[in-house]
Amino acid sequence: MMIIKALQTNNYNPISHKYEDKASITKLIFITWFILAVILCLVEASTLDVLPSLMQDEAQITDYGRLTLDPLSRWSVTWWVAGDKPLLLWSYLGPVFAELGYQFGGTSGVGPRIVALIGGLAAATVALAWLNQRKVPAAFAGLLSLAFLLDPLFTLSQRMARTDSWVIAFCLTSCWLLRLSSNKEGTTRILLVMLAGVLAALSAFVWPSALFLYPLILAEFLSSFYDGHFTRNSLQKTGKLFLYFVIGGLLTSILLLIPIRHQLTPIFEDMKNMVALNVNASKTSFERISGIFNYQSWAKIAKAFIKTLGPFLPLLGVWALFFRRERGIIIAFIFTLIIILTTLVYEFRLLYLLPYFMVLTGNLFLKAERKSVKPAVQRVSAGLLAFTVLWSICISVVLRSAFAYKDGAQRERNLIEAAARSAIGTGNHKVFLAFTYEFYFTGRSLGWEMYTPYIQFSFDDDGNWIRENDFKPKDRFMKLLAQMDYAIFSGSELDEDLSAQLRSSGLDYHGAIHIGMQQPKSNITSSDRSIGGIFSWYIQGAPSYGPYMLFARADKKARPSTILVQKSQ
């Protein structure tokens with residue numbers, strides 16, 4: 001009686017105390033996770049400038065942002081040769097993020113990569129909150145979001161300054177808000193649902209690839225609010241909430257279209273041309289549908305995850321399907337996979353499957369599902385998840401850092417700057433970059449106006465990227481060359497026909513540009529198709545820059561025929 005009286009006196013509630021302890025442990029796990037994630041991102045950031053080598057995507061995406069902020073500009077590295085104009089994009093937020101990163105990050109161009117890395121941290125943090133809201137235990141939610149943060153394909157996207165991380169961050173935030181709102185009532189629920197619609201719309205203005213995560217958002221909406229009954233009351237309730245979601249998205253879209261309202265006609269025309277190139281418009285409907293059942297399409301998917309050294313999170317997601325099936329997520333996943341298979345299969349499109357794999361794996365550890373998933377399966381799954389995290393750390397942090405510190409000097413950006421300054425120098429020069437995007441950031445700092453054709457990429461029989469119709473149509477290409485002061489080609493780019501076109505346009509061979517501590521051989525190939533070479537490319541990009549071939553007009557200042565830039569030791 002005395003003990004009971006004491007407990008009553010101190011207002012002790014064992015159930016409340018239990019939940020307080022649990023909340024404290026969860027909070028501790030989240031804080032520890034965030035500190036660890038920040039530390040790992042800082043380690044990654046220390047090598048961003050040299051690994052990987054400067055890439056096409058970061059130049060093009062940043063240039064889209066420059067064109068958004070300076071719509072009257074008449075030069076671009078996404079030049080539509082047939083239309084004699086830059087390509088414009090309605091998904092301008094992601095490129096503007098990259099452009100602002102460039103402006104605040106210095107002329108070296110590392111700023112856009114930092115912006116993408118911050119987006120990756122944001123996406124993984126929101127993933128942690130979303131998984132926790134879905135009742136995945138904090139420890140497993142932490143491991144899953146860490147595996148996602150450090151997935152080799154996801155980190156490669158960030159290191160290439162792509163906008164994928166921000167697209168995923170906005171989409172997963174929309175999913176989290178929908179799940180969070182399911183536990184709220186009244187005005188709070190309505191506002192959260194509308195905000196989820198706002199985030200979904202924002203993601204489409206970051207980059208068009210948001211399309212691949214819209215099925216996931218819809219599945220999360222239905223999972224959060226639809227009770228599975230086709231009663232009038234249930235459908236009305238769900239439909240009303242969906243209307244609020246749509247209203248939030250529509251209002252946001254209208255507001256975001258206002259800044260580009262005067263360019264909408266050319267933007268949507270350009271987007272039509274761009275989509276045609278990115279979905280391989282030459283395919284017939286039958287060819288697209290048959291691609292779903294073509295083993296080569298599935299082989300490309302497997303190869304994409306293997307050669308980027310990130311097969312284990314996808315394998316975990318597939319493993320989870322054998323033991324726990326959430327119908328809505330599975331339907332959304334299959335629908336997204338069909339879109340990819342019927343358009344174009346490549347690494348950074350498959351990246352958008354990672355959130356699906358993450359949530360499918362998380363379902364194995366749901367507290368309410370422990371009876372439906374055997375303890376032995378959960379133990380094996382936990383072990384596989386821990387291995388996936390360790391693998392991701394080894395590849396994304398340890399291995400990439402080792403490559404960066406071993407031979408990163410060959411990819412330092414000041415080497416490109418020194419070569420460009422020596423070969424051409426500062427000034428308002430019109431420079432044709434024949435897919436030599438590594439000169440983009442340096443060229444901007446030197447005041448160049450740069451032109452690179454936007455072309456269609458396709459695959460060879462082995463699933464490797466190949467370029468087609470690089471300099472077509474010929475008459476428009478010749479017109480473009482006639483306006484150039486200089487042209488920079490890679491050492492293995494020219495053939496006799498292209499050389500004749502350059503001479504005809506008045507651009508004469510002016511010398512070679514060699515970059516690095518040693519002068520590379522002139523017959524070096526632009527890519528290595530061996531297994532080791534492919535793995536190496538997805539880790540570090542090109543091992544070094546150059547050699548290049550410089551062309552100039554006769555009235556331009558003469559330069560040495562060979563430019564060797566050495567790094568002092």
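Q: How many aromatic pairs does the structure hold?
A: This is a predicted model, so the count comes from computed ring positions. Rings pair up if their centres lie within 6.5 Å. On that basis, the number of aromatic pairs is 33.

Q: Are the rings of Phe435 and Phe471 stacked, edge-to-face or tilted?
A: Their centres sit 5.7 Å apart, with the planes at 40°. Planes under 30 degrees apart would count as stacked and over 60 as edge-to-face. Since 40° fits neither class, the pair is tilted.

Q: How many residues apart in sequence are the parts that the Phe435 and Phe471 pair ties together?
A: Phe435 belongs to the loop between strand S3 (430–433) and helix H21 (440–446). Phe471 belongs to the loop between strand S6 (465–468) and helix H22 (474–481). Both of these Phe residues are buried. The parts tied together are 36 residues apart.

Q: Which residues form one aromatic cluster with Phe435 and Phe471?
A: The cluster takes in Phe435 and Phe471, the two rings of the tilted pair. Its other members are Phe432, Tyr437, Phe477, Phe489, Tyr509 and Phe551.

Q: Is Val81 buried or exposed?
A: Val81 is in the loop between S1 and S2. Its relative accessibility is 5%, and the cut-off for buried is under 20%. So Val81 counts as buried.

Q: Which residues does Val81 touch, leaving out those up to four places away in sequence?
A: Val81 has its C-alpha atom 7.5 Å from that of Tyr454, although the two are 373 residues apart along the chain. The residues that Val81 touches are Pro453, Lys472, Pro473, Arg476 and Phe477.

Q: What does Gln60 touch, not counting residues up to four places away in sequence?
A: Gln60 is part of helix H3 (residues 56–69). With a relative accessible area of 8%, Gln60 is buried. Its contacts are Val77, Thr78, Tyr437 and Tyr454.

Q: Which residues touch the most other members of the largest nonpolar core?
A: This core has 116 residues. Its largest share, eleven residues, comes from helix H8 (residues 164–181). The members with the most contacts to other members are Phe148, Ile168, Leu172 and Leu216.

Q: What does Ile168 touch, not counting residues up to four places away in sequence?
A: Ile168 is one of the core residues that touch the most other members. Its contacts include Ala123, Phe148 and Phe154. The rest of the list is Leu213, Leu351, Tyr352 and Pro355.

Q: How many residues are in the second, separate core?
A: Trp448, Ile488, Ile513 and Met549 are among its members. This second core has 47 residues.

Q: How many of the residues in helix H7 are buried?
A: H7 spans residues 152–159 and is mostly covered. The buried residues include Pro152, Phe154, Ser157 and Arg159. The count is eight of eight.

Q: Which residue caps the N-terminal end of H7?
A: A side-chain oxygen of the capping residue lies 3.0 Å from the backbone nitrogen of Leu153. That capping residue is Asp151.

Q: At what angle do helix H5 and H7 pack?
A: Two packed helices are described by the angle between their axes and the distance between the axes. For H5 (residues 111–133) and H7, the axes are 7 Å apart. The angle is about 145°.

Q: Which residues in H7 meet H5?
A: On the H5 side, the contact uses Arg113, Ala116, Leu117, Gly120 and Ala123. The residues of this contact divide into four nonpolar, two polar and two charged. On the H7 side, they are Phe154, Gln158 and Arg159.

Q: What is the phi of Lys135?
A: Most residues other than glycine have a negative phi. Lys135 lies in the loop between H5 and helix H6 (138–149), and is partly exposed at 47%. Its phi is positive, near 75°.

Q: What is the omega of the peptide bond from Gly546 to Pro547?
A: Most peptide bonds are trans. The bond from Gly546 to Pro547 is cis, and Pro547 sits in the loop between helix H24 (531–540) and strand S9 (548–552). Its omega is near 0°.

Conventions. Residues are numbered from 1 along each chain as its sequence is written. This is a predicted model: local features need pLDDT of at least 70, side-chain atom pairs count only at pLDDT 80 or more; totals for chains, interfaces and linings use all residues. Side-chain values use heavy atoms; hydrogens and water are left out. Buried means under 20% relative accessible area, exposed over 50%, partly exposed in between (1.4 Å probe, protein chains only). Helices (H or I, at least four residues) and strands (E, at least two) are DSSP runs, numbered from the N terminus. A polar contact is a pair of N or O atoms within 3.5 Å; within protein, one must be able to donate a hydrogen and the other to accept it, and residues adjacent in sequence count only if both atoms are side-chain atoms. Axes are lines fitted to C-alpha atoms, for helices over the stretch in contact, and angles run from 0 to 180 degrees between N-to-C directions. Contact means heavy atoms within 4.5 Å. Ala, Val, Leu, Ile, Met, Phe, Trp, Tyr, Cys and Pro count as nonpolar, Asp, Glu, Lys and Arg as charged, and the others, Gly among them, as polar. A nonpolar core is a set of buried Ala, Val, Leu, Ile, Met, Phe, Trp, Tyr and Cys residues joined through side-chain atoms within 4.5 Å. Rings of Phe, Tyr and Trp (its six-membered ring) pair if their centres lie within 6.5 Å; planes under 30 degrees apart count as stacked, over 60 as edge-to-face and the rest as tilted.
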